[in-house]
There are 2 protein chains.
Amino acid sequence: MKSTQSIKSLSEQVLEAVVKVVGSGPVSLHEPTFDGNEWIYLKECLDSTYVSSAGKFVDKFEADLANFTGAKYAVSVVNGTAALHIALKLAGVKDNDEVLVPALTFVATANAVTYCNAIPHFVDSEESTLGMGASKLREYLQATTEQNDGVCINTSTGRVIRAMVPMHTFGHPVDIEGLLSVSKDFNISMVEDAAESLGSYYFGRHTGTFGLLGTLSFNGNKIITTGGGGAILTNDKDVARHAKHLTTTAKVSHKWEFIHDEIGYNYRMPNINAALGCAQLESIQSKLRAKRNLYNSYEKAFTGVSGIKVLKEPDNCKSNYWLQTLFLNNEFANKRDQIIESTNKSGYMTRPAWNLLSNLEPFITSPKMDLPVAEMLIKSLINIPSSPSLAPEIS
Amino acid sequence: MKSTQSIKSLSEQVLEAVVKVVGSGPVSLHEPTFDGNEWIYLKECLDSTYVSSAGKFVDKFEADLANFTGAKYAVSVVNGTAALHIALKLAGVKDNDEVLVPALTFVATANAVTYCNAIPHFVDSEESTLGMGASKLREYLQATTEQNDGVCINTSTGRVIRAMVPMHTFGHPVDIEGLLSVSKDFNISMVEDAAESLGSYYFGRHTGTFGLLGTLSFNGNKIITTGGGGAILTNDKDVARHAKHLTTTAKVSHKWEFIHDEIGYNYRMPNINAALGCAQLESIQSKLRAKRNLYNSYEKAFTGVSGIKVLKEPDNCKSNYWLQTLFLNNEFANKRDQIIESTNKSGYMTRPAWNLLSNLEPFITSPKMDLPVAEMLIKSLINIPSSPSLAPEIS
C-alpha cells in the first residue's frame, strides 16, 4: 500500500521555501515600488508642460546616472533595445558584420544586431556567472578567426567579427576583465549590456562602464523603472555627443532651421519618463538592500532543499540581485517545468531563463559555438519572486 | 531727409498682428494643456504599479483612438517614427525598394524608409494642401515607371516603388482620394502619415484611415501628447495583429516560455504614457475648437497685412489647425527670415517649414521629381504660435 505520508516532492519543497520567504500570494515575479519623490516629480513635470523631448528631468536623470555608475556620460533613451542599437552603431558595427552575443539572453540583444544589418554570432555561458566565458571564447576565436588589417575575420564565413556584447545575467556580473582582454587581443569592440545590472559591481567598479559603451534598461520589471527607458554609458566625450545626436534625429543645432546631417533616430526619453527615473534612482540604495536581504532569506529557506541552490553573486562581485534565481542540480533538471507549473498555479510567479536565442526561428542559421553550458543552464534555472517590497526586515 | 514716420515694415506688421491675437509674450510655438483627467489617470497608473509594458491604459488608449478616428484598429507605439517604420514594413517595403515621400515633411518619414533598407524618393507638393499633388504625381509616374508583374518599377533605377507616404501638413488634409487612386493605378501601397492631423477630416472621414495603414504622433508639440508616443491605424485585423506582434518583440504568447518567431522591435507605448494619452484624448474636442478659434482670430488680424495670408483648411476638409501658418506672397518670400528673426527676438516663437529633405546630406543622392512647388513653399511658409491655450473666447 502506497503511503500518503510520502516524502514531499521537490515542487512542494520549493513552494514551501518560497512561501516561507514571501508570505501569502499571489506574488508577481517583479514589481516596482514608488515610495519616493515619484509623485512630486511627475506633478512638477506636468505643471511645467514639459513632458516630452525638452525638460530638466532628462538632463538631471542623465547626470544622476553618470554620478551613480561612475560613467563620465549617460545618454537616456527610449528603452534598452534602442540603447543597444545605437551603442552597436557607435562601436562601428556595419552591414554584414558579425557580433558576438550570448546565446542565453533576452532577444533584444540579437535584434539590435540585426537593426545594424549585422549577424549575431552566439557564444556559450560559463556556469559561475551565467554569462560569456572568457577562456572558452578565447580558445574559440583562436581556432576560428584570423586577424586581417586590425580586424577579426571569421574564417568560415569571411565576415568581420566587429563587436561583442557580454551581459550581466539577472544582475550577476560576468567576467568582464577576462572578456575585455579577449576583446583587446582580437580587436573586437565591447558593448557591455548592463540592462539587468544597475547597482552591480565587478571588483568595485560599476557594470556597464568597462566597454567602449554600456547600456542600461529601465523597463517596468527592472530594479528602477521609467515606464519604458534605457541609457547609453560611456567615458568618451565624442561617443557621448554622437549618441545624443543619433538618438535625437541627428538635428544640427540651429535657432529654427531643420538640418539633419545623418540618418538619425527618434530614441530620446520623454521628460515625463525621466521624471519618474529621477525619483526611482534616489531610492536605489534601499532597493539594493532589500534585494540583498531577499537573497539572504531565500538562501536560508532553501538550505534544506537538497538539489537546489539559490544563485549567489560571483566572487569579488556585488550583484544587484535583480532576479533571484534557483539552480537545479543536474539530476533534478527534468523537474524544472513541474516546479514552474506548481508555483505559478499556487499564485507565485516563477519562470525559466530565456530559450536559447540560437534556437529561435529568426536566428536558426546564425553562426554559433558549441553551447553545452548554456544548454545545461536553461534546463537548470528558475527565476522566483524578486520584488524589493518582498524583502523581510533583517532582525 | 528720410522720414522716421515710414510705413511699417512687414516684420512689424506681422508682429503686431500676432500680438493682437495672443497677447503679451513670451509665447512658444506650441505647448500642451493638461486640464482634464491627466492627474487622476497618472496617479491611478502609479498606484497600480503598472507603469510599463502591461496595464489597462494601453488597451483603453488604443480603443479610444480607434473610436475617435473611426479606424477599426489602433496600435499604440513609442513614437510616430516607430509607427512609420512598422507601417512601412507591413506595407511590404523591403531592402532596396523605393518609397515615395514628400520632400516637404519632417525627417522622420525618410528616416523610417531607410530603417527598412529602402530609399526615399521625393515628391513635390501642391500649393492648395502643401502635401503631395495627385495629378502631378500621376504624370510623373506615367513618364518614369513601368508595371512589371503587378509592381511599379522606376525605369531609371530599376528598383521597385513599393509604397507612398502622403502627409497631412500642419494638420491640413492632403488630396487623399486623388492619391489613393494613383496608389491603386500604379500598384503602390499607401501608408498615410497623419502625425500632424489627429482631428482632421477629408470629406468627413478622419485622416489616417484611407491607406492600408495610417500613423499618428503624440509628441509634446502635437494636438494631444503622451510625452512621446505614436499609433498605427488600420482597418485590417491581420495587419493590426501583426503590428502589435512586431512592436512587442514578436513574442509568441506562452505562460512562461520566451519564443520570438521573427525579428521584432521594442516599440510598445508604456502604460504611464498611455495614461496621459487617455486623458488628453478626452479633451480633444475643446482643443480642436480652440485651434479653430485661433485660426479665425489670426485670419482677422492678418486681413490688413497685404502680401500675407493665414493658411485655411482645403475645400471639403476640416483641419485640426495644428500649426497656424502664414503664407507670404511670392514678392515677399525674401522677407521670411527677417520676420522669423524679429518675432523670435520679441519673444513670439515662429519658425519656417522644414528644409526640403532632398537637400539634406543623407538624402542628397536619393531620387526625386522636380520640386518647384515645395521649393517655393519653404520660402513662403512661417508657423506662428498655435497652442490651444492661446485661443481667445469667441464673443
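These legends walk through several close-up views of a predicted two-chain model. Residues are numbered from 1 along each chain as its sequence is written, while chains get letters from A and ligands get numbers from 1, in the order in which they are written. Since the model is predicted, local features need pLDDT of at least 70 and side-chain atom pairs count only at pLDDT 80 or more, but totals for chains, interfaces and linings use all residues.

**View 1. Chain A as a whole.**
Start by getting a feel for chain A, which has twelve helices and 16 strands. Helices (H or I, at least four residues) and strands (E, at least two) are DSSP runs, numbered from the N terminus. The C-alpha trace spans about 85 × 60 × 35 Å along its principal axes. For 395 residues, a compact globule would have a radius of gyration near 21 Å, and the 22 Å of chain A agrees with that. (That radius is taken over C-alpha atoms, and the globule rule is 2.2 Å times the number of residues to the power 0.38.) How much of chain A is buried? Buried residues make up 57% of its 395 residues. Here, buried means that 20 or more other C-beta atoms lie within 10 Å of the residue's own, exposed means 12 or fewer, and partly exposed is in between, with C-beta atoms placed from the backbone. Of the contacts in chain A with a separation of 6 or more, 71% are between residues 24 or more positions apart. Two residues are in contact if their C-beta atoms, placed from the backbone, lie within 7 Å.

**View 2. Where chain B touches chain A.**
Now look at the place where the two chains meet: 49 residues of chain B are in contact with 50 residues of chain A. On the chain B side, the elements giving two or more residues are α2, α5 (108-115), α9, α11 (336-345) and β15 (351-352). Which of them gives the largest share? That is α9(B), with four residues. By class, the chain B side has 20 nonpolar, 21 polar and eight charged residues. (Ala, Val, Leu, Ile, Met, Phe, Trp, Tyr, Cys and Pro count as nonpolar, Asp, Glu, Lys and Arg as charged, and the others, Gly among them, as polar.)

**View 3. Helices α2 and α9 of chain B.**
Zoom in on α2 (residues 38-48) and α9 (residues 271-282) of chain B, which pack at about 155 degrees with their axes 8 Å apart. Axes are lines fitted to C-alpha atoms, for helices over the stretch in contact, and angles run from 0 to 180 degrees between N-to-C directions. So α2(B) and α9(B) are roughly antiparallel; angles over 145 degrees count as that, under 35 as roughly parallel, 65 to 115 as roughly perpendicular and the rest as oblique. α2(B) passes α9(B) in a right-handed crossing, meaning the near helix is turned clockwise from the far one by less than a right angle (anticlockwise would be left-handed). From α2(B), the contact uses Glu38(B), Tyr41(B), Leu42(B) and Cys45(B). Among the partners in α9(B) are Ile272(B), Ala275(B) and Leu276(B). Sorted by class, the contact has eight nonpolar, two polar and one charged residue.

**View 4. The α2 and α9 pair in chain A.**
Here is the pair in chain A: α2(A) and α9(A) pack at about 155 degrees, with axes 8 Å apart. That makes α2(A) roughly antiparallel to α9(A). The crossing is right-handed. Residues that meet include Tyr41(A) and Leu42(A) in α2(A), and Ala275(A) and Ala279(A) in α9(A).

**View 5. Helices α1 and α11 of chain B.**
α1 (residues 10-22) and α11 of chain B pack at about 45 degrees, with their axes 9 Å apart. That makes α1(B) oblique to α11(B). In α1(B), Leu10(B), Ser11(B), Val14(B), Leu15(B) and Val18(B) meet Gln338(B), Ile339(B), Ser342(B) and Thr343(B) in α11(B). This contact has five nonpolar, four polar and no charged residues.

**View 6. Some backbone oddities.**
Most residues other than glycine have a negative phi, and most peptide bonds are trans. The bond from Gly25(A) to Pro26(A) is cis, with omega near 0 degrees, and Pro26(A) sits in the loop between α1 and α2 of chain A. In chain B, a cis peptide bond joins Gly25(B) and Pro26(B), with omega about -5 degrees. Leu130(B) has a positive phi of about 75 degrees. Is Leu130(B) buried or exposed? It counts as buried, because it has 26 C-beta neighbours inside 10 Å.
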